[in-house]
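Visitor: I have a model open and would like to learn how to read its features one by one. Could you walk me through it?

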There are 2 protein chains.
Amino acid sequence: MNEREYIRSLAVQSTCPDILRGMGDDCAVIGKGSGLVQLLSLDTMVEGVHFDRSFHPPDLLGRKLVSVNVSDIAAMGGRPTLLLLSSGLPPGFDEAWVLAFNRGLHAACRDYGCTLVGGDTVASPGGFCFSLTILGEMAAGEVLYRSGAQQGDALYVSGNLGFAAAGLALLQADRAGCAPDFAPLVDRHLNPEARVALGQQLAASGLVHAMMDSSDGPASDVAQLCAASGLGARIFADRLPASNILTEAARLLDANPQDWMLKGGEDFELLFTAAPEHDTALRAIARKCGLRLTPIGCMDAGAGLRLVAGDGRDSPLDYQGYEHFCEPGL
Amino acid sequence: MNEREYIRSLAVQSTCPDILRGMGDDCAVIGKGSGLVQLLSLDTMVEGVHFDRSFHPPDLLGRKLVSVNVSDIAAMGGRPTLLLLSSGLPPGFDEAWVLAFNRGLHAACRDYGCTLVGGDTVASPGGFCFSLTILGEMAAGEVLYRSGAQQGDALYVSGNLGFAAAGLALLQADRAGCAPDFAPLVDRHLNPEARVALGQQLAASGLVHAMMDSSDGPASDVAQLCAASGLGARIFADRLPASNILTEAARLLDANPQDWMLKGGEDFELLFTAAPEHDTALRAIARKCGLRLTPIGCMDAGAGLRLVAGDGRDSPLDYQGYEHFCEPGL
């Protein structure tokens, strides 16, 4: 049983008319009247699986837990409101570390405009384990699902791809301090930012058909968007957002920057589709949010995701992203 | 740092007017308009800390996770609506066990009338770990907080006390199958039931001043109710709900049944306070729900919780309940 099969075993058909969307998107979507919906999501981070305390400062880790959850709200176009935290603390845990973690978490709540209202604490024999539940809200008519993509849509990504994977690789290789300054890569792993303003403005624009956040890398994420929309897609290798610093890091570590971009994950950028004629308007929205926008592909009839190389030849891109059940390490 | 100090380090003053209650009660309480509030809570169960797979059938464990969460909703007088599940699964986990767990969880959702709408799954190096977030709702004017107790109130408990602790002790001693039939004790540990109907009817009656669920045992729970209400309380040892089967189990295991009742926890009964003149009406409500009601004490001026022995002498009862940070075992 892999992760997706497990999730399928949990999914049930709901008979409650308020549940507009249960599992299968970045958030569950619940009608709450007055033209609003409530968004619900949850993310768990386990020590040794999702984070390494040897190089992750606790305040940034607390902040990252919030950002990762807020990113799910941003992926629908919503605004985060409330949080609940489950803290699993190992025997004899370092109090100063935990207090710094909580400070980072609270600072992130303030920055994103949401409030921690509850939670529980338990002993955790296997190291630190944090699970955060997030609530958000937005106008019912503006919710952007993964399933709304249309044939002929352009496929966009905000900001940069591969930065988090490159930053993690640098940290793991103990090369984060090398010249040139790799701070943008390392920061993306340690302290990613949820694209809340961009998500809200894209949703309000009415120009976007489908959206999700890039948590596992486009090779996995876009494949899910394709499946949800009943379409196929092509990603063009030479249109991926280029970056000198990523190339430099790849050279230093003898890695493939395209793999980082397509399969690295944890960039928490927004992936979305829209009709190509809105390109100028969409770029203007992103510019207002201080982010570049890159059309990396297009939505096709058919099924499946293909990567088109620089020479025009295409091949299937069926990487399944981070598979928690198979890869116990970071 | 103990558990309560940790929770205090997380609590922040909210400036959001919709947050009627953040941390410090069984649920957070959020205004949602139209005279309704939303209730939010979260509970985590860690293998080796909260459950022992050697004697806990997976379907009953899935059911218990739901019941424990629903009990927090019942403790405010509310009705459960939605759930989100975080599943931490160890490497090479037993698929049949997990599918049975999920079946039990779904069956409990159906029985309580709530729906699982989301979640995530992660690898868990330290054994199974499940965190469930629950949402509920109720009329804004009927919410029963821990802080509403009044001087002179009678202190009631529904059903039985000490059953879960006795059941767990029997299971751990491998004596669960002994005569007499200890099923009611063992069942209370393996498969407790949230008192949703009773909680709702007590809240709707307008007769109750303060309520919570008995998750850590009255010695700890009533102390929290006292602190929240700015009052003291006395519990009368000879008024605790007597039970032959509990006495039999204590004799078999050479244990103290009063300790099970006061300090055992996990009974998930309702503890509440009301003016003594409503005794008949309150008992009628409980009877309709198939539960007995026992007035085990009274709320006093002052602070702190005291236990009054059969000879009339009283002594402080300051047990702090299950302390997750100090007791890594079950």
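Visitor: Which residue forms a salt bridge with R79(B), and how far apart are the closest N and O atoms?

Guide: Side chains of opposite charge can pair when their charged atoms come close. In this predicted model, the partner of R79(B) is E137(B), with 3.0 Å between the closest N and O atoms. R79(B) sits in strand β4 (residues 79-89) of chain B and E137(B) in strand β6 (residues 129-139) of chain B, so the pair links distant parts of the chain, 58 residues apart. R79(B) is partly exposed, at a relative accessible area of 38%, while E137(B) is buried, at 18%.

Visitor: How many salt bridges are there over all chains?

Guide: The count comes to 34 over all chains. One of them joins R146(A) to D25(A), whose closest N and O atoms are 3.7 Å apart. R146(A) lies in the loop between β6 (129-139) and β7 of chain A, and D25(A) in the loop between β1 and β2, so this pair ties together parts that are 121 residues apart in sequence. Both R146(A) and D25(A) are buried.

Visitor: And what do the side chains of R188(B) and D267(B) meet in?

Guide: They meet in a salt bridge, at 3.9 Å from N to O. Here helix α5 (residues 183-190) of chain B, which holds R188(B), is linked to the loop between α9 (257-263) and β10 (269-274) of chain B, which holds D267(B); the two residues are 79 apart. R188(B) and D267(B) are both buried. In chain A, a network of salt bridges links R188(A), E193(A), R195(A), D267(A) and E269(A).

Visitor: Where is N160(A), and which residues does it touch?

Guide: Look in the loop between β7 (154-158) and α4 (163-172) of chain A. N160(A) is buried, because its relative accessible area is 17%, under the 20% cut-off. Beyond its neighbours within four places in sequence, N160(A) is in contact with R188(A), D267(A), E269(A) and R292(A).

Visitor: Now for annotations: which residues does the UniProt "binding site" cover?

Guide: An annotation gives positions, and the model lets us see how they are arranged. The unreviewed UniProt entry lists D26(A), S41(A) and D72(A). They are spread over 47 residues of sequence, yet they cluster in space, with a largest C-alpha distance of 7.1 Å.

Visitor: Is D26(A) buried or exposed?

Guide: D26(A) counts as buried, because its relative accessibility is 6%. Its place is in the loop between β1 (19-21) and β2 (28-31) of chain A. Setting aside neighbours within four places in sequence, the contacts of D26(A) include S41(A), D72(A), R146(A) and D213(A).

Visitor: What about D72(A)?

Guide: D72(A) belongs to helix α2 (residues 58-74) of chain A and is buried, at 9% relative accessible area. A polar contact of 3.1 Å joins its side chain to that of S41(A). Among the other contacts of D72(A) outside its sequence neighbours are C27(A), D43(A) and D213(A).

Visitor: How many disulfides does the structure hold?

Guide: The way to read this is by the separation of cysteine sulfurs. The structure holds 0 disulfides over all chains. For C129(A), the nearest cysteine sulfur is that of C129(B), 4.5 Å away. That is no disulfide, because the cut-off is 2.5 Å. C129(A) is buried, at 14% relative accessible area.

Visitor: One last feature: what is phi of S34(B) near?

Guide: Phi of S34(B) is near 55°, a positive value in a residue other than glycine. S34(B) is found in the loop between β2 (28-31) and β3 (36-46) of chain B and counts as exposed, at 78% relative accessibility.

Technical notes
Residues are numbered from 1 along each chain as its sequence is written. Chains are lettered from A and ligands numbered from 1 in the order in which they are written. This is a predicted model: local features need pLDDT of at least 70, side-chain atom pairs count only at pLDDT 80 or more; totals for chains, interfaces and linings use all residues. Side-chain values use heavy atoms; hydrogens and water are left out. UniProt positions are given in the numbering used here, feature names are shortened, and annotations may be inferred rather than shown by experiment. Helices (H or I, at least four residues) and strands (E, at least two) are DSSP runs, numbered from the N terminus. Buried means under 20% relative accessible area, exposed over 50%, partly exposed in between (1.4 Å probe, protein chains only). Contact means heavy atoms within 4.5 Å. A polar contact is a pair of N or O atoms within 3.5 Å; within protein, one must be able to donate a hydrogen and the other to accept it, and residues adjacent in sequence count only if both atoms are side-chain atoms. A salt bridge is a side-chain nitrogen of Lys or Arg within 4 Å of a carboxyl oxygen of Asp or Glu.
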